[in-house]
Amino acid sequence: MKSTNTVGRIIGLLFLLIFVMGILVYQFLQGPILFSNDFLINATPNAPKLITSVLLGSLSGLFSIGIAAMLFPVFKKYSITLAVLYLAFSILDFVAISIDNTSVLAMLELSKEYMTTVEANANMLEAMAPIYFQKHWWTHYLSLLTSCFSVFVLYFTFYRTNLIPRVLSGFGMLAVLLMFIEILASILGEGISMNMLLPMGLIQLILPLWLLVKGLNTKWLETNFCAASLKE
């Protein structure tokens, strides 16, 4: 059980790193550049930032898979189905992030071509820019939508096993549902309010801090282990 508690603190650290990397990528390194109408001009001078954002995005996806792998033996004690689902959705998240990163690099290459091309080709590249912009918009929002599935399974399993306080896991499930509704509404062109994403940001900060301090609640595991021993 001590090892399980150690795992809880490790995944808490990984979740915190994912949270910090998400802020760096979307608020500082990538978002202000690529979600700007002037990305053709701004992307090339900021190439190091964009490449760093791609590397950090990929790393966060790998961290998510690592978390799912570490939680797999814990979750399967309750439900092998939920354990497999969480791992599978985490892998799907990484694929979605990789597709989004491809769009980021494509926009960077278009910007480089625009900055070095002769004037005769500039109009053609300017005409292509909205297409690349929309492609990135789609890959970004679909990546966010995909992430909802793994996060919901995570908090649902936490809720059923009581590995963290149910007030946290319950709030987590609510936050995921609000995020899913807002992202889906935005994709359908009927965005409600970006404030619906705030609960997700809040719980994604509280969860790692809780795990770093408290670890996983092993009482359920101890009860489950004792019950299994008695049956034997």
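# Exercises on a predicted helical chain

Glu109 and Lys112 are joined by a salt bridge whose closest N and O atoms lie 3.7 Å apart. The model is predicted, so that local features need pLDDT of at least 70 and side-chain atom pairs count only at pLDDT 80 or more, while totals for chains, interfaces and linings use all residues. Residues are numbered from 1 along each chain as its sequence is written, and side-chain values use heavy atoms, with hydrogens and water left out.

## Exercise 1: the salt bridge

Task: place the salt bridge of Glu109 and Lys112 in the fold, and state how exposed Glu109 and Lys112 are.

Solution. Begin with the criterion, which asks for a side-chain nitrogen of Lys or Arg within 4 Å of a carboxyl oxygen of Asp or Glu; by this rule the count comes to one salt bridge. Next, locate the two residues: both belong to helix α5, three residues apart, about one turn of the helix. Helices here are DSSP runs (H or I, at least four residues; strands are E, at least two), numbered from the N terminus. Finally, take the accessibility classes, in which buried means under 20% relative accessible area, exposed over 50%, and partly exposed in between (1.4 Å probe, protein chains only). Glu109 is partly exposed because its relative accessibility is 48%, and Lys112 is partly exposed because its value is 32%.

## Exercise 2: the chain as a whole

Task: describe the secondary structure, the extent and the burial of the chain.

Solution. The chain has nine helices and zero strands. Its C-alpha atoms fill a box of roughly 80 × 35 × 30 Å along the principal axes, and 44% of its 232 residues count as buried. For the contacts (heavy atoms within 4.5 Å), consider pairs at least 6 apart in sequence: 75% of these join residues at least 24 apart.

## Exercise 3: the nonpolar cores

Task: identify the largest nonpolar core and the residues with the most contacts inside it.

Solution. A nonpolar core is a set of buried Ala, Val, Leu, Ile, Met, Phe, Trp, Tyr and Cys residues joined through side-chain atoms within 4.5 Å. The largest has 36 residues, and Leu71, Tyr86 and Phe158 have the most contacts inside it. The elements giving two or more residues to this core are α1, α4, α5, α6, α7 and α8, with α6 giving the most, nine residues. Leu71 can then be followed in detail: leaving aside neighbours within four places in sequence, Leu71 is in contact with Ile11, Tyr86, Leu154, Phe158 and Leu216. Apart from this core lies another, of 17 residues, among them Leu50, Val104, Tyr114 and Phe133.

## Exercise 4: pocket and cavity

Task: characterise the largest pocket and the largest cavity by volume and by lining.

Solution. The search uses a 1 Å grid over the protein atoms alone: a cavity is a set of points where a 1.4 Å probe fits but cannot get out, a pocket is an open set with protein on both sides within 12 Å along at least five of seven lines, and lining residues have an atom within 4 Å of a point. Grid points are joined across faces, edges and corners, and a volume is the space filled by probe spheres set on the points.

The largest pocket holds about 1200 Å³ and is lined by 34 residues, of which Gly22, Tyr26, Leu144, Met179 and Met200 lie nearest its centre. α1 gives the most to this lining, with nine residues. Sorted by class (Ala, Val, Leu, Ile, Met, Phe, Trp, Tyr, Cys and Pro nonpolar; Asp, Glu, Lys and Arg charged; the others, Gly among them, polar), the lining has 21 nonpolar, twelve polar and one charged residues. Met200 belongs to helix α8 and is buried because its relative accessibility is 9%; beyond four places in sequence, Met200 is in contact with Val151, Ala175, Val176 and Met179.

One cavity of 30 Å³ or more is found in the whole structure, with a volume of about 50 Å³. Its lining consists of Val25, Tyr26, Gln30, Ser53, Gly57, Ile97, Asp100, Asn101 and Ser143, and α5 gives the most to it, with three residues.

## Exercise 5: an unusual backbone angle

Task: locate Asn162 and give its phi and its accessibility class.

Solution. Asn162 is found in the loop between α6 and α7. Asn162 is not a glycine, yet its phi is positive, about 60 degrees. With a relative accessible area of 31%, Asn162 is partly exposed.
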